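Open the model in your viewer and keep the sequence panel beside it. The stops below say what to select and what to look for there.

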Amino acid sequence: MILAMLWNRFFRFLLKRIVLVLALLLCLGAGIALANMSRLSTNLIESQAIQNAALHAQSFQQAIALYSDSAADRAKPVKGITVTHAYLNQSGGIPLPSTFALELGNQISEKNPEMVVRLFSEYPFPWRGARQADALEKDAIAFLQKTPRSPFVRFERKDGHTTLFYGEASIMKQTCVECHNTHQQSPKKDWAVGDVAGVWEIRQPLDQFVEKVNRNLQGTFAMLGSMSVIGLSGLTLVVGRLRQTAKELEQRVRERTFDLAQANTDLEKRNSLIRQVFGRYLSDAVVGTLLDQPTGLKLGGDRRTITILTSDLRGFSTLSERLPPEKVIEILNLYLEDMAEVINQYQGTIDEFMGDGILVLFGAPLSQADDALRAVACACAMQLTMGLVNEKLQALNLPQLEMGIGINTGEVIVGNIGSEKRTKYGVVGSSVNLTYRIESYTQGGQILISEQTRQALGQNVQIMGEKQVHPKGFENPITIYDVYGIRGRYNLFLPKDKPIV
């Protein structure tokens with residue numbers, strides 16, 4: 001009774017003070033909304049700033065790579081042209097890629113006063129002058145040397161001001177290694193391909209963005225739009241600079257077969273053809289050959305003998321039913337990324353990713369004498385790479401994987417299949433079906449090949465065992481062989497504890 005009476009009094013009090021209650025609730029709601037908006041705005045600002053810096057860094061990296069590959073490397077053997085840091089003082093001189101990178105960063109910084117862009121290295125050449133790295137640069141170098149594929153991001157907050165420091169690794173390529181390790185004035189002469197040579201750093205204060213966001217939400221949208229415009233402006237500046245460089249180089253290297261302008265045109269043509277016909281190829285040799293064929297878009301195919309490899313993860317369907325979709329995709333992406341890199345190394349053509357399965361062609365669209373040999377060597381390398389894949393999965397507390405591989409050599413029809421609006425490059429024929437049947441007999445860590453593939457390999461392959469099977473859909477039994485390794489120039493062998501037929 002007492003509780004009921006107290007509740008009634010409290011309720012009557014609220015009714016009398018309804019305006020006050022609503023005002024308090026409105027203030028509370030507005031406060032919560034403003035707090036959430038402030039937090040969301042801060043997150044959006046930081047996210048947009050990182051994205052903007054990543055876009056700039058990507059543009060710079062692509063610009064330097066394009067200049068190095070299509071300009072500097074091609075100009076080195078040309079008489080009368082010298083690639084040097086002192087190109088302004090030398091007739092016929094053009095800048096080194098690193099010099100081009102530094103000057104490009106300086107120009108970007110000059111044209112964007114609120115942004116500082118530069119390439120920093122622990123081992124600069126003497127003519128660039130020594131400068132001590134600050135704490136952020138030291139942290140960035142230490143981080144990127146351990147994880148060169150991940151960007152270094154840090155926000156510094158001091159005296160109520162926030163500044164973004166964004167860093168990406170500058171990776172040594174083969175041509176860079178040769179130059180740095182042989183140059184007399186190089187401060188470091190033991191570079192290797194893949195080493196982190198320096199850091200592309202971008203520093204940008206966020207005060208202006210924060211001020212706009214605090215005024216109103218429209219300011220936030222305006223800020224995001226302005227950042228996009230800045231990113232596009234930076235990209236336009238880089239592309240414009242590259243076109244100007246291409247024109248200058250075209251006048252100096254007329255004796256060359258392809259100049260930089262033609263290379264850009266060919267690149268656009270190549271990208272267009274890939275989008276229309278293939279979607280993705282892992283080998284530049286494949287793409288280059290197809291670009292030379294004027295009938296590359298024509299529907300149809302031809303009959304030829306190729307070697308087909310198909311792989312599949314053991315028990316993955318059951319595993320995927322127990323894991324969240326995000327984990328399944330994370331596992332697949334990690335596994336397929338490493339497998340695709342191996343396949344590309346052995347010049348295989350990935351025809352399809354089918355969930356956890358991969359279909360690879362050796363001999364289409366390019367046919368080589370050692371297609372079968374490369375296919376088996378690729379299979380051995382894929383099985384050996386599974387150890388690295390499982391190490392990565394273990395570090396992420398993800399389940400371990402096992403893979404089976406089947407290989408067959410036979411006649412198929414290969415070409416463009418589909419319609420004029422949607423085309424797929426692929427293969428059809430009983431040899432493809434037989435490859436899948438052979439793969440279905442494998443256990444985890446095993447490679448099984450057909451009689452035709454073994455005959456094509458000769459004495460290069462080492463077999464652990466063999467057995468006869470009668471695949472479904474085929475009239476006669478066949479003999480399949482358990483591969484232990486491949487001799488010769490590849491010289492790859494599986495662990496001794498792998499399953500035997």
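Buried means under 20% relative accessible area, exposed means over 50%, and partly exposed is in between, using a 1.4 Å probe on protein chains only. This is a predicted model: local features need pLDDT of at least 70 and side-chain atom pairs pLDDT 80 or more, while totals for chains, interfaces and linings use all residues. Residues are numbered from 1 along each chain as its sequence is written, and side-chain values use heavy atoms, leaving out hydrogens and water.

**Stop 1: an aromatic cluster**

Select Phe152. At 6% relative accessibility, Phe152 counts as buried. Add Phe143, which is partly exposed at 32%. Rings of Phe, Tyr and Trp (its six-membered ring) pair if their centres lie within 6.5 Å; planes under 30 degrees apart are stacked, over 60 edge-to-face, and the rest tilted. Phe143 and Phe152 form a tilted pair, 5.7 Å centre to centre, with 55 degrees between the planes. Now add Phe165: ring pairs link Phe143, Phe152 and Phe165 into a cluster.

**Stop 2: helix H4**

Helices (H or I, at least four residues) and strands (E, at least two) are DSSP runs, numbered from the N terminus. Select residues 135-146. This is H4, with 12 residues, reaching 17 Å from its first C-alpha to its last. The expected span is 1.5 Å times one less than the number of residues; for H4 that is 16 Å, close to the model's value.

Which residues of H4 are buried? Colour Leu136, Glu137, Ala140, Ile141 and Leu144. They are on the same side of H4, because they cover an arc of only 135 degrees around the axis. That arc is taken from the directions from the helix axis to the C-beta atoms. Residues three or four places apart point the same way because an α-helix has 3.6 residues a turn.

Turn to the face away from the buried side: the exposed residues Ala135, Lys138 and Lys146 are there. Next, show strands E3 (116-120), E4 (152-158), E5 (161-171) and E6 (196-205), which are among what covers the buried residues of H4.

Finish at Asp134. Asp134 caps the N-terminal end of H4, with a side-chain oxygen 3.2 Å from the backbone nitrogen of Leu136.

**Stop 3: the cores**

A nonpolar core is a set of buried Ala, Val, Leu, Ile, Met, Phe, Trp, Tyr and Cys residues joined through side-chain atoms within 4.5 Å. The largest has 47 residues; among those touching the most other members are Tyr335, Tyr346, Met382 and Ile486. Show helix H12 (371-395), one of the elements that each supply at least two residues. H12 gives the most, with 13 residues. A second, separate core of 29 residues includes Ile45, Phe60, Leu119 and Ile202.

**Stop 4: Tyr346 and Tyr490**

Select both; Tyr346 and Tyr490 are buried. Their rings form a tilted pair, 5.5 Å centre to centre, with 50 degrees between the planes. The two are 144 residues apart in the chain. Contact means heavy atoms within 4.5 Å. Beyond neighbours within four places in sequence, the contacts of Tyr346 include Phe362, Arg374 and Leu492.

**Stop 5: backbone oddities**

Most residues other than glycine have a negative phi, and most peptide bonds are trans. Select Pro365, in the loop between E9 and H12. The peptide bond from Ala364 to Pro365 is cis, with omega near 0 degrees. Then go to Asn397, where phi is positive, about 60 degrees. Asn397 lies in the loop between H12 and E10, and is exposed at 71%. End on Asn491, with phi near 50 degrees. Asn491 is partly exposed at 49%.

Terms used. A polar contact is a pair of N or O atoms within 3.5 Å; within protein, one must be able to donate a hydrogen and the other to accept it, and residues adjacent in sequence count only if both atoms are side-chain atoms.
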